[in-house]
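Trainee: Could you walk me through this fold? I would like short questions and short answers.

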Amino acid sequence: IALGGSLDVIPHTVPPKISGVVNLSSETDELKERAIELTSYQGPSSIYSLLMVEAARQNIPMVSLWVHTPHYLQVTNFMGCYHLMLKLGELLGLNIDLDVAKKDSEYLFQQIDLAIKQKPELQEYVKTLESEFHKGSKPRENPINKNIIKEIEGLFKDNTA
């Protein structure tokens, strides 16, 4: 099992999407049953790609799970970590104590909300993302001005200091 994360055009107000890829087709049904969106990555290879290919050669099942987190929060995302660990526990049938992770996740959410409430244009941006998310719309090519990301990060850092 490999775990990772990626920035995506989603709001922080919805549970993060979990996607995955498997190296053996026999494992796809289990991911689908667990509401893990199957992806077929195409792009530059990485250590994950090498591990997946080598494991498949040796008939060892491997899954790579990725949590998708809001692109405007380029900080350690405890919400994403928490949801990824929940999904991993579900997938493996483990009862993982996630109380601390849940509290960290809730605290981060509160801090993000406090920071965003200070700026009406950021509130509007999050509402737009929520609307697109609930409609199932495809992300926009250029989803957000880089200055807004810096502004959110600055507000977030100010509120957590």
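Mentor: Below, we take the overall layout, then the sheet, a helix, the aromatic pairs and two unusual loop residues.

Mentor: The model is predicted, so local features need pLDDT of at least 70 and side-chain atom pairs count only at pLDDT 80 or more, while totals for chains, interfaces and linings use all residues. Residues are numbered from 1 along each chain as its sequence is written, and side-chain values use heavy atoms, with hydrogens and water left out.

Trainee: In what pattern do helices and strands follow each other along the protein chain?

Mentor: Helices (H or I, at least four residues) and strands (E, at least two) are DSSP runs, numbered from the N terminus. The chain has 6 helices and 4 strands. Along the sequence, the pattern reads β-β-α-β-α-β-α-α-α-α.

Trainee: What percentage of the residues in the protein chain is buried?

Mentor: Take the cut-offs first: buried means under 20% relative accessible area, exposed over 50%, and partly exposed in between (1.4 Å probe, protein chains only). The protein chain has 161 residues, and the buried share is 37%.

Trainee: What share of the contacts with a separation of 6 or more joins residues 24 or more positions apart?

Mentor: Contact means heavy atoms within 4.5 Å. Count the contacts in the protein chain with a separation of 6 or more; the share from residues 24 or more positions apart is 74%.

Trainee: In what order do the strands lie in the sheet?

Mentor: Two strands pair if DSSP finds at least two bridges between them. β1 (2–8) and β3 (37–38) each have a single partner strand, so one side of each is left without a neighbour in the sheet. The sheet is open and its pairing is mixed; the order is β1-β4-β2-β3.

Trainee: Does β4 pair with β2 in the parallel or the antiparallel sense?

Mentor: Start with the other partner: β1 and β4 pair in the parallel sense over 7 bridges. There, S6 stands opposite H68, and G4 has W66 as its bridge partner. On the β2 side, K17 stands opposite H68. β2 and β4 have 6 bridges, and their sense is antiparallel.

Trainee: How many of the residues of β4 are buried?

Mentor: Helix α3 lies across β1, β2 (17–22) and β4, running at about 150° to β4 (axes are lines fitted to C-alpha atoms, for helices over the stretch in contact, and angles run from 0 to 180 degrees between N-to-C directions). The strand β4 is mostly covered, and its buried count is 7 of 8.

Trainee: Which residues of α4 are exposed on the face turned away from its buried side?

Mentor: Helix α4 covers residues 99–117 and reaches 27 Å from first C-alpha to last, close to the 27 Å expected (1.5 Å times one less than its number of residues). Its buried residues are S105, L108, Q111, I112, A115 and I116. They fall within an arc of 130° (from the directions of the helix axis to the C-beta atoms), so they line one face of the helix. The face turned away carries the exposed D99, K103 and K117.

Trainee: What kind of aromatic pair do Y48 and W66 form?

Mentor: Rings of Phe, Tyr and Trp (its six-membered ring) pair if their centres lie within 6.5 Å; planes under 30 degrees apart count as stacked, over 60 as edge-to-face and the rest as tilted. The structure holds 2 such pairs. For Y48 and W66, the centres are 5.3 Å apart and the planes are at 65°, which makes the pair edge-to-face.

Trainee: How far apart in sequence are the parts that Y72 and Y125 tie together?

Mentor: Their ring centres are 6.2 Å apart and their planes stand at 85°, so this pair is edge-to-face. Both Y72 and Y125 are buried. Y72 lies in the loop between β4 and α3 (78–92), and Y125 lies in helix α5 (residues 120–135), so the parts tied together are apart in sequence by 53 residues.

Trainee: Where is A35, and is this residue buried or exposed?

Mentor: Most residues other than glycine have a negative phi. A35 has a positive phi of about 60° although it is not a glycine. A35 sits in the loop between α1 (28–33) and β3. With 62% relative accessibility, A35 is exposed.

Trainee: In which loop is N59 found?

Mentor: N59 is not a glycine either, yet has a positive phi of about 60°. At 58% relative accessibility, N59 counts as exposed. Its loop is the one between α2 and β4.
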